[in-house]
Amino acid sequence: MDFILTAIVNGLLSGAVYVLVAIGLTLIYGVLHIINFAHGSLLMLAMYASFFLWRDLHVDPYLALPVVTVGAFLAGYVLYRAVIGRFSAGKDENILLITLGLSIIAENAALFFFASDTRTVATAYSDAMLEVGPVLLSFPKVVSFFGALVLCMILGLFMRYSDTGRAIRAVAKERLGARLSGIDVDFMYAVSYGIGIACLGAAACLLMPSFYVSPSVGNSFVLVAFTTVVLGGMGSFAGALAGGMLIGVAESVSSAFFGEQLGQIAIPMLFILVLLFRPTGIFRGTQ
Amino acid sequence: MTPHLKHRRQFILGSAAAIAGASIPGLGRAQNTAVKLGVVHPMTGPVAYNGQHCRIGTLTAIEDLNARGGIKSLGGIPFQAVTGDSQGRVEVGVSEVERMHNLGVHAYVGCYNSPVTIAATQAASRYGTPFVVDVGASDLIVSRKLENVFRFSPGFGKCVDDGLLALTEINKKANGVAKTVVLVHESGELGTGTIRLLQDKLPRLGFTVLDTIAHDTPTRSFDNVALRIRGMKPDIVMHTGYVNEYMLLARTLQRYKVPAVRYSILGAGFGVKFAKESPDAAAYAMDFNHWYNPLDSRAVDLKKRIESKGFDYVFEVYCAYNAVMLLADAIERSGSLAADKIIQSLSASTWDKHFMPYGPTRFVNGQNEGAAGCGLQVINDEINVVFPDKFAQAAAVFPRPAS
Amino acid sequence: MASATRLKLPLLLALLAAVLLYPWIFTSNYAVNWGMLVLFTAFLGQSWNVSGGFAGQMSFGHAAFFGTGAYAYSILVVSYGINPWLAWLLAMVAGGAMGAMIGFLSFRFGLKGSYFALITLAFAEFLRVMADSVSFTQGGLGILIPLQSGAPMQFEHAWESYYLAAAMCLVAVLIAAGLKYTRFGARLVAIRDNESAAMALGIDIFRQKVLCLTLSGAMAGAGGGFYVSKYLYVDPHIAYNLGRSVEMLLVTMVGGAGTVFGPLWGAAAIGALGELTRSLSQSPGLSLVVYGVILIAIVAFLPGGLTSMLGLLRKRCRHHA
């Protein structure tokens, strides 16, 4: 019993990581309807940013979070304006190929500039453990858990109550109508993409203390992120939160029963089942 | 490592190849003015780190050979590297082999990834061109009776046998106190091949395998694995995997205060970097892996040179370095650049001027039977050879002292 | 339409001649091998084109069919000693069956667009984990086909693989042309352009889509079998990795999805691009960065793929005439 409890708790903690990565993706997908192939690579770049701030300027990743997040927003905004929005001509397939091209560029530029070594961050709390009853929890993972909750909350409130948020939602729901109401649709698209990447910036800083970065690290998260997004419902933050947690727990529990390797099957399997039986997700998204 | 050094590194990987060829006057495409060596490794992709280190080892060896005057029996002709990036993909590796054949290479060195090595050596075999495998763990590489294939370093079969021998001896010295084992492995060729052998042999040596845990490459989290292992309370945890997963698991086990001995066979993440960056997790960790002969000053000299170029002194470097030296010796003795003569020469090779902990070279079915790995342990933040006694720098600390 | 066909026939013959004569002009094994890879990639691209280009069902997991064909071939040849040519045929069947299965599930539940793309991605990943975990695929160890001089499908000369790949590519082009000019193809295009209108016209959407994916899967399965016959080794990563799926869709989209020759232009362009960028720089990563930049440039300035370039040229010629 204890064992299952720990599996569930650990599942929630790893799920939080998936939420962090997926939350930007669900926003981007929900608003722009594009499968952002570059998501994993951009996460990787944000993690490098966090790493270099730590190594060269001695800024702790948690403290660097605001800086990296803002930087990521600007990077995402510019990327959309300069490349994605400009060259896609609005066609979905084109955007796909462009984000694919971006991920190839990002991964190999990282390889060229930063070399292929794996980098880790060693902070005082990296290996700290918290004892909560019978369960041992990794401190950085607990921090990312709460970080995910806070991020979801902030985004949810922002989307619901701020003018920009409302504009974004309008654009997502009804583009032509939004434009006719005077909303600068292209600007909103760029802002949405920027916010999506900003989430990656936050995720990167929360991840670094317990993980590592190398040019190809983004690939580990891509499929899980997509699964989370679809499970939770495209465009729904509460959905991404619930979806990520559910996936984390499912993966954790199935690993406990079927072994680490076969347990990995939980994710694509879950993905397939959700797509077949409830493609709009747990929380019906903006679709 | 400063950013400055990083750029120097990139520059070196590219220019060393050019230097190896260009600085020698009169070098043309004519057949016997240079020994052309095809160098195929993954420069990009997920194992770029390892491939790049294989390449720098190869290029440094060529530099040294040329500085010494090249192949004397052929009139002092130099080596010329023809480098290629396999990207870790089979079809690209084979394509590179073909391209290099077109450029008239006399031999190949490569390819780090087992699948690429298998396909590339096969492609080369159609031309009968000798192929020296510097690093490539799968025993499938030497199981095909291809006459042109020569693997200099030990495969996982040999590493498992020797690694277990080392373990039993070390355990015996500690009064046989370790009895139970949990096996963790990555799900590819390296992990699966190694683990099958371990599952077979461990019980026969008196150990009980409590569980076998397979994991993907990449793996995002080992928390559950660590908990499971902690629950089983094994004396030893054996992990065969690649760099990132090895380090992640080691750190996770440390966090969960799992007291078991860490003993890996071909644990790819074990190394100087690991010992330096994660001293707590690395303390007393043991690995049976490729290593250099610590008592040979040439090995230490090379270490300084490689590190000054901005690279790490990992086994990819010196395995590749010595593989090229092996080839050079064979060519020197054969006095010919003809493929069949080189192959004959390699087959008969008893070269022992390497600085590996190997005996004299002895190829049987393409495998150097003289090759062997070493038992290593992190003691006081330094990696020491602890087995075999002939090369040992320190006695093994076994079992793990309570922290 | 008629004038276009009149212009096309000599061009088609010229193309066929070029493909057939290529190994005689560029005789090195390297060049022939490169040509073989281009034709093979074009073949794989065509398999994707059938469902992604003509029917508009963009799949991100075509490796699922490729890998299934590859494993079917390997297991039949190594474990059951079946004649490789027959095994190849069965690999095609296996690929087709996988196509039918995935198609049935996905389309029965009405998945389309990005949802369909994602579920195919999930299926490929699912198969990869399964292949890694079960014993009859040898798990992570992979399956090695013994090298035997003179064995069926193990060719002595590079040009033999080349012509086989060329034959496969020709068949694929004929299939694509068949789609363009038959009713089956017209139905697929109707489904692509406007599914509800197609339904209103009485087309059985579900049936057509499943048939289409079956055909597509069979082709990809044949590709998988061919791949293993050439490289003699398969493992879960080689069979089912995402990169393979991406390669299949990439060549078609770059060349022009839904066209007969798009995948061929795309494969040639990407093959040439790979060679060009590789020789540009020895620094790891830089050449692939250039690759990515050029890819984006192609999408940005030629969104209809390379085939649309022909159309643009024709328009320009007509304008000047």
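**Chain A, size check.** I started with the radius of gyration of chain A: a compact globule of 287 residues would have one near 19 Å, and chain A has 19 Å, so the two agree. Note to self: this is a predicted model, so every value here is computed from it. Next I took the box along the principal axes, and the C-alpha atoms of chain A fill roughly 60 × 45 × 35 Å.

**Chain A, elements.** I counted 12 helices and two strands in chain A. Then I read off their order from the N terminus: α-α-α-α-β-β-α-α-α-α-α-α-α-α. The two strands follow one another in that run, with four helices ahead of them.

**Chain A, burial and contacts.** Of the 287 residues in chain A, 64% came up as buried. For contacts with a separation of 6 or more, I find that 76% are between residues 24 or more positions apart.

**Chain A, surface and charge.** I get about 10300 Å² of accessible surface for chain A, with 70% of that area on carbon and sulfur atoms. How far apart are the mean positions of the positive and negative charges of chain A? I get 13 Å, from 14 positive and 15 negative charges.

**Chain B, size check.** On to chain B, where I list 13 helices and 14 strands. Its radius of gyration is 21 Å, close to the 22 Å of the globule rule for 403 residues, so chain B is as compact as a globular protein of that length. The C-alpha trace of chain B spans about 65 × 45 × 40 Å along its principal axes.

**Chain B, same lookups.** I have 65% of the 403 residues of chain B down as buried. Among its contacts between residues at least 6 apart in sequence, 70% join residues at least 24 apart. Accessible surface for chain B is about 13600 Å², and carbon and sulfur atoms hold 54% of it. For charge, I located the mean positions of 42 positive and 36 negative charges in chain B, and they sit 1 Å apart.

**Chain B, domains.** I pulled up the domain division: domain 1 of chain B is 3-154 + 296-368, and domain 2 is 157-289 + 374-391. Each domain is listed as two segments. How many residues does each domain bring to the contact between them? Domain 1 of chain B gives 10 residues and domain 2 of chain B gives 11 residues. Over C-alpha atoms, I have the two domain centres 30 Å apart.

**Ser138(B).** I found this one in the loop between strand E4 (131-133) and strand E5 (149-151) of chain B. Is Ser138(B) buried or exposed? Its relative accessibility is 1%, so I'm calling Ser138(B) buried. Setting aside neighbours within four places in sequence, I see Ser138(B) in contact with Ser114(B), Arg151(B) and Phe156(B). Of those partners, Arg151(B) belongs to strand E5 (149-151).

**Phe123(C).** Last stop was chain C, where Phe123(C) lies in helix H5 (residues 113-133). Phe123(C) has a relative accessible area of 9%, and I log it as buried. Which residues does Phe123(C) touch, not counting those up to four places away in sequence? I get Ile272(A) from chain A, plus Ile102(C), Leu105(C) and Ser106(C) from chain C. I also checked His62(C), 61 residues away from Phe123(C) along the chain: their C-alpha atoms are separated by 9.2 Å.

How values were computed
Residues numbered from 1 in each chain as written. Chains lettered and ligands numbered in written order. Predicted model: local features only at pLDDT ≥ 70, side-chain atom pairs only at ≥ 80, totals over all residues. Heavy atoms only, no water. Rg over C-alpha atoms; globule rule 2.2 N^0.38 Å. Buried < 20%, exposed > 50% of the residue type's maximum accessible area, 1.4 Å probe, protein only. Contact = heavy atoms within 4.5 Å. Areas by Shrake-Rupley, 256 points an atom, 1.4 Å probe, with all protein chains shown as cover. Lys, Arg positive; Asp, Glu negative; His and termini not counted. Charge placed at Lys NZ, Arg CZ, Asp CG, Glu CD. Domains from an automatic or database assignment.
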